Amino acid sequence: MTARDQRILDALAARGSVQVNILAEELGVSSVTIRKDLRELEQRRLLHRTRGGARPPRRKGEGAFTERMHVDARAKRAIAVEAAGRVSDGDVIALDTSTTTHHLATQLLGRRGLVVVTSSLPTAMLFHTRSDARVVMPGGVLRRESAGLVGSMDNVLADRGRIMTTFVGTFGLSPTAGLMELSPEEAEAKKILIRAAAAVIGVFAATKITGFGLYPFAQPSELTELITDSAAGEEFVHEWAAVGVPVTRAPLDHPHDPTPGGRTTGASTSTTNSEGVPR
């Protein structure tokens with residue numbers, strides 16, 4: 001993928017749609033070049049061309065991992081920067097197969113001595129090739145939609161010590177049902193990572209607030225924190241505060257990246273305690 005392709009996809013993720021003439025001006029190329037780029041990106045199923053521009057691709061179910069990486073990419077990067085502040089050198093963490101936790105993984109490559117439990121092949125390979133992390137991959141069956149392993153992992157994680165923090169994405173959520181998945185296999189795999197963890201943090205773009213999930217995998221009582229982006233409204237924050245789950249809204253233009261070994265966070269907004277009082 002070229003740098004121009006990436007900028008087009010980033011603009012699409014941030015705006016929801018793009019126009020040929022605007023992209024041509026922003027990228028300093030001709031409209032003919034942009035139309036060619038859009039045509040090639042459509043052939044790769046990364047967008048859907050419209051008259052004079054493009055919008056996100058039509059999706060059925062979850063969509064392929066590589067496609068989902070570009071959906072809400074700006075929000076996911078902001079959330080990843082915020083969530084990375086919860087991880088220090090030497091921590092034992094778990095990351096599920098979601099694209100938001102893969103964005104988080106890219107923020108953690110400078111941490112030293114991590115132990116990372118993950119069923120995601122892309123995330124495992126990222127740490128394996130670009131960090132000194134020890135990667136633990138529970139066994140299972142490879143699922144194409146998420147590029148991850150699903151299946152029974154109880155024997156692998158049982159009596160192996162405690163995961164400090166498990167980070168999980170979600171397809172839908174509510175203060176009653178908790179976090180939910182579209183796939184029963186993914187939901188079961190996440191439950192196992194959650195049961196083995198001292199803390200559980202949900203990470204997801206604000207667009208998931210109105211999302212739909214069928215299979216609950218984390219009850220509100222199991223959640224330590226939710227991290228989303230600043231597009232989430234006050235009503236959402238207070239609904240979760242009422243069930244004892246604090247919400248952090250990461251600014252979409254995050255002013256600070258975390259330092260390589262510490263728990264440094266930027267200017268996040270609207271985190272509340274169980275009484276709904278900002279903290």
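Which residue forms a salt bridge with Lys-36, and how far apart are the closest N and O atoms? I looked this pair up before anything else. The partner is Glu-40, with the closest N and O atoms 2.8 Å apart. I note that the model is predicted.

**Entry: the pair in H3**

I located Lys-36 and Glu-40 in helix H3, which spans residues 31-43. The two are four residues apart, about one turn of the helix. I then checked accessibility. Lys-36 has 41% relative accessibility and counts as partly exposed. Glu-40 is also partly exposed, with a relative accessible area of 32%.

**Entry: other salt bridges**

I found 12 salt bridges by the rule applied here. One of them joins the side chains of Asp-10 and Arg-77, at 3.6 Å from N to O. This pair connects distant parts of the chain, since Asp-10 belongs to helix H1 (residues 3-15) and Arg-77 to helix H5 (residues 73-84), with their positions 67 residues apart. I recorded Asp-10 as partly exposed, its relative accessible area being 21%. Buried means under 20%, so Asp-10 falls outside that class. Arg-77 is partly exposed as well, at 33%.

I next looked at Glu-42, which forms a salt bridge with Arg-49; their closest N and O atoms are 2.9 Å apart. Glu-42 has a relative accessible area of 24% and is partly exposed. Arg-49, at 34%, is likewise partly exposed. I also noted a network in which Glu-82, Arg-86 and Glu-225 are joined by salt bridges that share partners.

**Entry: the chain as a whole**

I counted secondary structure next: the protein chain has 10 helices and 15 strands. Of its 279 residues, 51% are buried. The chain exposes about 12800 Å², and carbon and sulfur atoms supply 51% of that area. Among contacts with a separation of 6 or more, 60% are between residues 24 or more positions apart.

**Entry: the open sheet**

In what order do the seven strands of the open sheet lie? I read the order as E6-E5-E4-E9-E12-E14-E15, with parallel pairing. Strand E6 (134-136) and strand E15 (247-250) are the edge strands, each pairing on one side only. From one strand to the next, the twist averages 20 degrees.

I followed E12 in detail. E12 pairs with E9 in the parallel sense over five bridges. On that side, Phe-167 stands opposite Ile-201 in E12. E12 also pairs with strand E14 (residues 225-229), again in the parallel sense, over three bridges. Here Ile-201 has Glu-225 as its bridge partner in E14, and Gly-202 has Leu-226. I noted that Glu-225 is thus listed twice in these entries: as a bridge partner of Ile-201 and as a member of the salt-bridge network with Glu-82 and Arg-86.

Is E12 enclosed or open to the outside, and how many of its residues are buried? Six of its seven residues are buried, so E12 is largely enclosed by the rest of the structure.

**Entry: helices on the sheet**

I then examined which helices pack on the sheet. H5 lies across strand E9 (163-168), E12, E14 and E15, and runs at about 140 degrees to E14. Helix H9 (residues 184-195) packs on the sheet too, touching strand E4 (92-95), strand E5 (115-118), E9 and E12. The direction of H9 makes about 135 degrees with that of E12.

Within H5 I looked up Lys-76. Is Lys-76 buried or exposed? Its relative accessibility is 6%; buried means under 20%, so Lys-76 counts as buried. The C-alpha atoms of Lys-76 and His-102 are separated by 9.3 Å, although these residues are 26 residues apart along the chain.

**Entry: a nonpolar patch**

My last search was of the surface. Phe-212, Leu-214 and Tyr-215 form a nonpolar patch there, with about 320 Å² of accessible area together. Phe-212 sits in the loop between strand E12 (197-203) and strand E13 (215-218). Its relative accessibility is 57%; exposed means over 50%, so Phe-212 counts as exposed.

Terms used
Residues numbered from 1 in each chain as written. Predicted model: local features only at pLDDT ≥ 70, side-chain atom pairs only at ≥ 80, totals over all residues. Heavy atoms only, no water. Patch = residues over 30% accessible without salt bridge, like charges linked within 9 Å, V, L, I, M, F, W, Y side chains within 5 Å. Areas by Shrake-Rupley, 256 points an atom, 1.4 Å probe, with all protein chains shown as cover. Salt bridge = Lys/Arg side-chain N within 4 Å of Asp/Glu carboxyl O. Buried < 20%, exposed > 50% of the residue type's maximum accessible area, 1.4 Å probe, protein only. Pairing = 2+ DSSP bridges. Axes fitted to C-alpha atoms, helices over the stretch in contact; angles between N-to-C directions. Contact = heavy atoms within 4.5 Å.
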